[in-house]
Amino acid sequence: MASRRHPVLASVGALLALVALLGCAARLLPEDMQALPYVPYVIALSPWFALAAMVSLVCACIAHRWFTAAVAVACIVLQGYWQLPFYRNGEPLGAQAIAAVAQAKPAIDDAFARVMTCNVYKGAADPQAIVDAVRDQHVEVLALQETTPQFVQRLEQAGIGDYLPYAVSASSGSGYGNGLWSAQPLQQPADAEFPSSASAMPAGTIRFDNGALPVRFVSVHTTSPTAQSWDLWRKSLTEMQQLTARTGTQYVLMGDFNATYDHAVFRDLLGSRFQDAARASGHGLVFSWPADKPWLPAFSGIDHIVTERGVVVGQVSTVRIGGSDHRALLATLDFTRR
């Protein structure tokens, strides 16, 4: 009789356990297999499989389905191992860093920076909302993706130059481009920091700490995984690994990577040199996409701020930008301990 208790809950629990198990299996696939059709989408949902496993566990326990419960527990343990590091406290920002980026007009001669990145959705984002976020968040370095010449013109009309007067941008064959804006001069500006099959990723060097500390910023936009571009998606991320060989340059990579930390190709890019800002700060999981559907909350963290290991990161947050399908991602960086 016990095996027939709560048949509906037993079925729901078994189904959710299977979903969670398949999600964990996708996350465990090697990098090349993660580029198989639709697999990137499954992996992008990885943290949510923990929730499915928890519901499965409750249903299985009520229905006395212990094998289902064991599978659910295994999935919870795996997802906990993968996701809990986002919630461990990173090295906290010092009072000096917090005070420096809280000023109405950020100092440009120190070793701290408030930075922001946002995909402006083919130039459809509200440029005034971008400028307002830069002003309110005291942003010193801004990276934008999917810009158009018309959008850049509207951004200038909205007053971005009052806060970030220095810029470098590049367009691609698709008509959409990427750009960087800064409160300090951008030295050695480049339309494309490295050859990429995805888009031209502009870069510029900013000298912090009274000019003693050069940091090179890159606005990143890789190929999105679609039915026509599974292999190109992986290739565009793999191409970025050439930056790891440039050991004489300290990088900050900001933008739409079209990959979450759960994708092996993104973790391979980080390697032993780079770190993801949200994970390094202990802020927790940060979801930035999608942001253009009022009935659907953002559920995937495909936008990133990537720094060298050792940079202290804090105050990670997101801001909704009207007209964009991405939330803007912000962080405060402390370069003094590099």
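**Exercise 1. Describe how helix α1 (residues 7–28) and helix α3 (residues 48–63) are placed relative to each other, given that their axes come within 8 Å.**

Solution. The structure is a predicted model, in which local features need pLDDT of at least 70 and side-chain atom pairs count only at pLDDT 80 or more, while totals for chains, interfaces and linings use all residues. Residues are numbered from 1 along each chain as its sequence is written, and side-chain values use heavy atoms, with hydrogens and water left out.

Step 1. The axes of α1 and α3 cross at roughly 150°, where axes are lines fitted to C-alpha atoms, for helices over the stretch in contact, and angles run from 0 to 180 degrees between N-to-C directions. Helices here are DSSP runs of H or I with at least four residues, strands are runs of E with at least two, and both are numbered from the N terminus.

Step 2. This crossing makes α1 roughly antiparallel to α3, a term for angles over 145 degrees.

Step 3. The crossing of α1 past α3 is left-handed, that is, the near helix is turned anticlockwise from the far one by less than a right angle.

**Exercise 2. Which residues of α1 and α3 meet, and what is the character of the contact?**

Solution. Step 1. From α1, the residues L9, A10, V12, G13, L16, A17, V19, A20 and G23 meet F49, A52, A53, V55, S56, C59, I62 and A63 of α3, contact meaning heavy atoms within 4.5 Å.

Step 2. The residues of this contact divide into 14 nonpolar, 3 polar and no charged; Ala, Val, Leu, Ile, Met, Phe, Trp, Tyr, Cys and Pro count as nonpolar, Asp, Glu, Lys and Arg as charged, and the others, Gly among them, as polar.

Step 3. Take L9 of helix α1 as an example: leaving aside neighbours within four places in sequence, L9 is in contact with C59, I62 and A63. L9 and I62 are 53 residues apart in sequence, and their C-alpha atoms are 7.6 Å apart in space. At 27% relative accessibility, L9 counts as partly exposed, the class between buried (under 20% relative accessible area) and exposed (over 50%), with a 1.4 Å probe and protein chains only.

**Exercise 3. How many salt bridges does the structure hold, and which parts does the pair R216 and E193 tie together?**

Solution. Step 1. The structure holds 8 salt bridges, each a side-chain nitrogen of Lys or Arg within 4 Å of a carboxyl oxygen of Asp or Glu.

Step 2. R216 and E193 form one of them, at 2.9 Å from N to O. R216 lies in strand β7 (residues 213–221) and E193 in the loop between β5 (187–190) and β6 (203–208), so the pair ties together parts that are 23 residues apart in sequence. R216 is buried at 9% relative accessible area, and E193 is buried at 10%.

Step 3. In the salt bridge of E308 with R273, the closest N and O atoms are 2.8 Å apart. Because E308 lies in strand β10 (residues 303–308) and R273 in the loop between α9 (264–270) and β9 (274–276), this pair ties together parts that are 35 residues apart in sequence. E308 and R273 are both buried.

**Exercise 4. Is R135, which pairs with D136, buried or partly exposed?**

Solution. R135 is partly exposed, at 36% relative accessibility, and D136 is partly exposed as well, at 48%. The closest N and O atoms of their salt bridge are 2.8 Å apart.

Methods:
Parallel < 35°, antiparallel > 145°, perpendicular 65-115°, else oblique.
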